[in-house]
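Biologist: Hello! Could you show me how to read charged side chains in a model like this one?
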Amino acid sequence: MSDNKYKSSSSVPSNPTEKLLRDTQLSKGSKPSSNEASDTKSVSEISELQLPSMERLGPGTSRDEKYPEGPSSSQSCSNESQKPQEGGALKPRMLVVSNRLPFTAVRTEDTWSLDISAGGPVTALLGLKEFEVRYVGWAGIHVSDEAEQKSLTEVLTEKRCIPVFVDEVIFNRYYNGYCNNILWPLFHYLGSSQEDGPATTIYYQSQFDAYKEANQIFADVVIKHYKEGDVVCCHDYHLMFLPKYLKEHNSQMEVGWFLNTPFPPSEAHRTLPSGSELLHALLSADLLGFHTFDYARHFVSTCTRILGVEASPAGIEYQGRLTRVAVFPMGIDSDRFFRALETPKVRECIKEFTEKYSGRKVILGVDRLDMVKGIPQKLLAFEKFLEDNKDLCDKVVLLQIAVPRRTDIPEYQKLASKVHTLVGRINGKFGTLSKVPLIHLDQPLKFHTLCALYAVTDVALITSLRDGMNLVSYEFVACQGSKKGVLVLSEFAGAAQSLGAGAILINPWDIAEVASSIGRALNLKDDERRKRHELNFQQVITHTSQKWAEAFVRELGDAVIADQQRIKGVPLALPVTDAIEHYLQSNNRLLVLGLNAVLTEPVDTPDRRGEDQIREVELKLNPDLKSTLMELCCDPKTTIVVLSGSNKFVLDNNFCEYKMWLAAENGIFLRSPTGKWMTTIPENLNLDWIDCIKPVFEYFTERTPQSQFELRNTSLVWNYKYADVEFGRVQAIDLLQNLCSGLSNAHVDVIQGSRSVEVRAVGVTKGAGIHRILGEIAYNSDPTQIDYILCIGHFLGKDEDLYTYFEPEIPVETPITKTTEAIKFPGDRMSDLKLQNSGSVSKASHVTSEQPLPNSGNKTCNVLDLKVENYFPCTVDRTHSRARYSLGSSDDVVSLLKALAAASSSS
Ligand SMILES: O=P(O)(O)OC[C@H]1O[C@H](O[C@H]2O[C@H](CO)[C@@H](O)[C@H](O)[C@H]2O)[C@H](O)[C@@H](O)[C@@H]1O
Ligand SMILES: O=c1ccn([C@@H]2O[C@H](COP(=O)(O)OP(=O)(O)O)[C@@H](O)[C@H]2O)c(=O)[nH]1
């Protein structure tokens with residue numbers, strides 16, 4: 001693992017709230033007010049900007065990006081080692097991989113010039129000062145000639161950029177086709193393109209293939225430049241296969257992926273033909289980041305509903321790994337704007353604009369010419385505003401900068417003509433021979449011009465129909481230190497969630513509302529304007545791109561550690577001889593056995609199968625089990641617990657004659673070997689939600705032949721293991737959809753099993769259950785400590801906490817199989833257990849039938865004296881598990897139990 005100050009080594013926040021709290025603490029620092037901000041720069045910072053030195057520019061670099069904001073040549077990537085920071089510490093190395101590099105190359109006569117690329121991520125990612133960054137991506141130009149590729153690579157090296165060259169035909173299918181004609185509209189909730197052309201079925205497959213091919217080419221470049229300890233940060237919908245390809249090459253690589261756009265609700269994602277393949281590929285990453293909670297929530301529910309994977313507050317469980325999902329609202333490098341505002345070039349420009357637009361209020365729009373930015377809606381609203389306020393036609397001007405991009409795509413060409421038509425109409429209607437109310441530019445501006453425009457603007461008008469974040473709004477706020485203009489911001493931009501307090505929020509589809517908001521913004525009282533600006537300004541200067549990157553890398557480190565700690569992997573075949581041998585050598589053994597697929601006969605046997613579906617819907621104990629179980633239960637050195645999600649009646653029906661412990665509903669109900677049931681439902685457990693969702697389960701049960709619904713005390717379960725599997729799966733997705741939309745506030749877990757859907761009160765797991773069961777066993781049995789545990793189950797991921805409950809605390813990277821020391825419990829669990837078994841609760845006060853359990857037990861003994869070699873956690877029929885061992889089927893379980901009984905009786 002790299003030596004990285006942003007990676008915490010100890011406490012790993014386990015959920016987004018904890019994470020947010022920590023990050024909030026970290027982002028608290030000295031916050032200048034907007035008045036102070038532009039005055040606080042050091043002399044050296046200002047002079048650096050005023051006196052740009054030619055050494056800072058790479059060969060062939062155009063003079064237009066001489067600002068110190070770009071990656072400097074002094075940190076050339078020809079020197080691949082990490083650079084020390086001021087205090088001597090090493091800067092962590094980060095490979096930032098995005099489709100577009102921060103620099104766009106332009107061919108000049110005999111070399112290359114580089115322009116800073118326009119676009120949010122570029123602006124943000126140039127601000128990562130605390131990292132030794134290498135940018136990997138496309139330089140905005142197709143270069144097929146090898147010599148040219150080499151020379152461009154050299155020029156870009158000076159800017160710490162590593163170009164990726166993709167064949168032009170592949171690139172067109174990948175970028176114009178799959179990325180921008182299919183994924184882009186879908187991710188912005190606009191649905192798939194309905195157009196004939198590259199998005200139609202004939203081209204779809206070739207575009208998807210090209211997408212994967214391009215991703216592989218990006219991966220090859222990253223792999224070539226990767227050094228151990230690097231953090232790899234992949235960006236966007238362009239590169240969703242990249243985490244998979246990188247991890248396949250090197251599973252130790254720390255790979256994060258961040259989405260700069262929104263992520264759509266699952267219903268929209270479902271329409272994408274290769275949608276699940278993309279999700280699978282992404283889940284190879286260690287960390288997946290989104291701008292807002294909404295996007296992250298959409299992603300998680302899409303994965304649970306479409307892939308059927310399990311999600312928890314910590315992330316998504318997939319193939320034995322945990323992929324962390326977290327929220328990182330991106331910001332800008334505000335200092336870069338403050339510095340620019342001090343430069344003579346920007347000051348000059350400000351003066352020029354102030355004179356030019358004197359006597360008129362300036363309204364500003366800065367967007368890429370893209371349908372998601374709502375430019376036509378903005379123009380229509382401005383038209384309405386002028387219609388409603390004819391007297392203001394020569395007193396306002398809307399400056400609309402619309403940077404053309406993706407111009408090869410027909411949708412974008414159509415948008416350009418639509419916008420031009422509207423501009424002509426508005427100026428034709430409201431302009432005069434000397435003045436027009438609308439100035440529209442189809443071209444990018446130089447950075448200094450943009451800063452000056454931001455500074456002279458009275459009202460910034462952002463009307464995105466959907467926008468991942470919208471950094472233009474941040475840039476506007478940063479440049480308004482003296483003017484304190486008003487931000488009118490679409491509620492559908494991610495930025496609305498951070499700048500909503502200071503902005504006037506609008507629905508861009510509501511043309512009349514936007515028109516009246518323009519008027520409101522222009523007339524806002526000074527006091528309110530200042531207050532609103534100050535709120536936004538504080539947000540912009542505290543949530544910078546540097547802070548974004550620090551939080552992302554810290555979380556990535558946490559995610560990797562957390563995943564290693566889970567040690568969920570491929571279980572080894574149970575060493576049966578060892579298990580039997582250690583069983584014989586022990587004095588007080590505990591066998592914890594699951595029910596379904598452990599003690600029941602397999603569902604899919606020929607006997608139980610009709611023509612092509614399974615006929616019988618009754619759970620059946622494995623017929624070979626009876627005498628063996630009886631024998632084991634009679635052994636005074638052996639305690640058996642059957643721990644199941646099923647209810648008391650199911651367990652009673654199947655095990656009433658055995659002298660064993662029964663734990664129903666995941667340990668909520670316990671039956672001692674004497675046959676008495678007791679309940680352990682926590683008193684404050686809220687179960688009000690059960691009545692609300694019961695009808696939903698009933699509805700799906702009625703409509704899915706051979707499916708079953710079980711109403712339990714703390715959970716509801718619907719299973720389709722006996723139904724048509726394909727239809728069951730479709731119904732399960734619909735059921736999940738309905739459940740998730742109706743349960744937003746309930747304290748429940750919605751769990752999708754391989755052929756079931758379950759809703760359960762939070763905190764009810766088999767791991768939590770065993771804790772209570774142990775207390776009871778200790779209370780009820782003789783004082784000998786348990787020195788052997790065999791724990792066999794076919795459990796849902798959530799219940800696999802049972803296996804790790806008995807595991808020693810394992811230092812990361814230490815293989816547990818080599819440990820021979822006595823097992824020690826993690827501190828809190830140990831003290832819990834001791835508490836339960838100490839104190840002075842008298843036997844008389846102990847639980848009787850159907851009473852809630854008190855913090856049980858009055859014994860001062862330790863329940864366990866378990867050495868790691870005497871602990872056999874074993875899953876049945878699972879390829880990935882937190883259990884160390886596996887058995888193939890319930891038949892193997894029966895054979896093992898038989899062998900234990902036989903060995904025991906003959907010893
Ligand atoms: O590279 P292009 O195809 O020209 O597109 C430009 C970028 O557009 C998208 O930007 C997003 O990122 C911004 C920063 O996070 C965010 O504020 C904005 O809402 C998004 O639209 C795209 O995600 C990038 O990959 C493109 O480079
Ligand atoms: O002429 C221009 C207009 C815009 N931008 C930059 O383009 C980015 C737009 O980012 P935003 O997040 O608002 O939207 P995106 O275009 O990434 O969807 C901002 O950093 C602008 O400064 C630019 O460099 N030149």
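Modeller: Gladly. This is a predicted model, and a good place to start is E383, which forms a salt bridge with K429, their closest N and O atoms being 3.0 Å apart. This pair links distant parts of the chain, with E383 in helix α14 (residues 375-388) and K429 in helix α15 (residues 410-430), 46 residues apart.

Biologist: What is the general idea behind such a pair?

Modeller: Side chains of opposite charge can pair when their charged atoms come close.

Biologist: Is E383 buried or exposed?

Modeller: E383 counts as buried because its relative accessibility is 6%, and buried means under 20%. K429 is partly exposed, at 45%.

Biologist: Which other side chain meets K429 in a salt bridge?

Modeller: That is E387, at 3.1 Å from N to O. Here too the pair links distant parts of the chain, K429 in helix α15 and E387 in helix α14, 42 residues apart. Salt bridges with shared partners join E383, E387, R425 and K429 into one network.

Biologist: Where do K150 and E154 lie?

Modeller: Both lie in helix α5 (residues 146-157), four residues apart, about one turn of the helix. Their side chains meet in a salt bridge of 3.8 Å, N to O. K150 is exposed, with a relative accessible area of 55%, while E154 is partly exposed at 48%.

Biologist: How many salt bridges are found in the whole structure?

Modeller: The search finds 37.

Biologist: And which residues form the negative surface patch?

Modeller: D167, E168, D209, E213 and D408 form that patch. E168 sits in helix α6 (residues 168-187) and is partly exposed, with a relative accessible area of 44%.

Conventions
Residues are numbered from 1 along each chain as its sequence is written. Chains are lettered from A and ligands numbered from 1 in the order in which they are written. This is a predicted model: local features need pLDDT of at least 70, side-chain atom pairs count only at pLDDT 80 or more; totals for chains, interfaces and linings use all residues. Side-chain values use heavy atoms; hydrogens and water are left out. Patches are made of residues with over 30% relative accessible area and no salt bridge: like charges are joined within 9 Å, nonpolar side chains (Val, Leu, Ile, Met, Phe, Trp, Tyr) within 5 Å. Accessible areas come from the Shrake-Rupley method with a 1.4 Å probe; for residues, only the protein chains shown count as cover. A salt bridge is a side-chain nitrogen of Lys or Arg within 4 Å of a carboxyl oxygen of Asp or Glu. Lys and Arg count as positive and Asp and Glu as negative; His and the chain ends are not counted. The place of a charge is taken as NZ of Lys, CZ of Arg, CG of Asp or CD of Glu. Helices (H or I, at least four residues) and strands (E, at least two) are DSSP runs, numbered from the N terminus. Buried means under 20% relative accessible area, exposed over 50%, partly exposed in between (1.4 Å probe, protein chains only).
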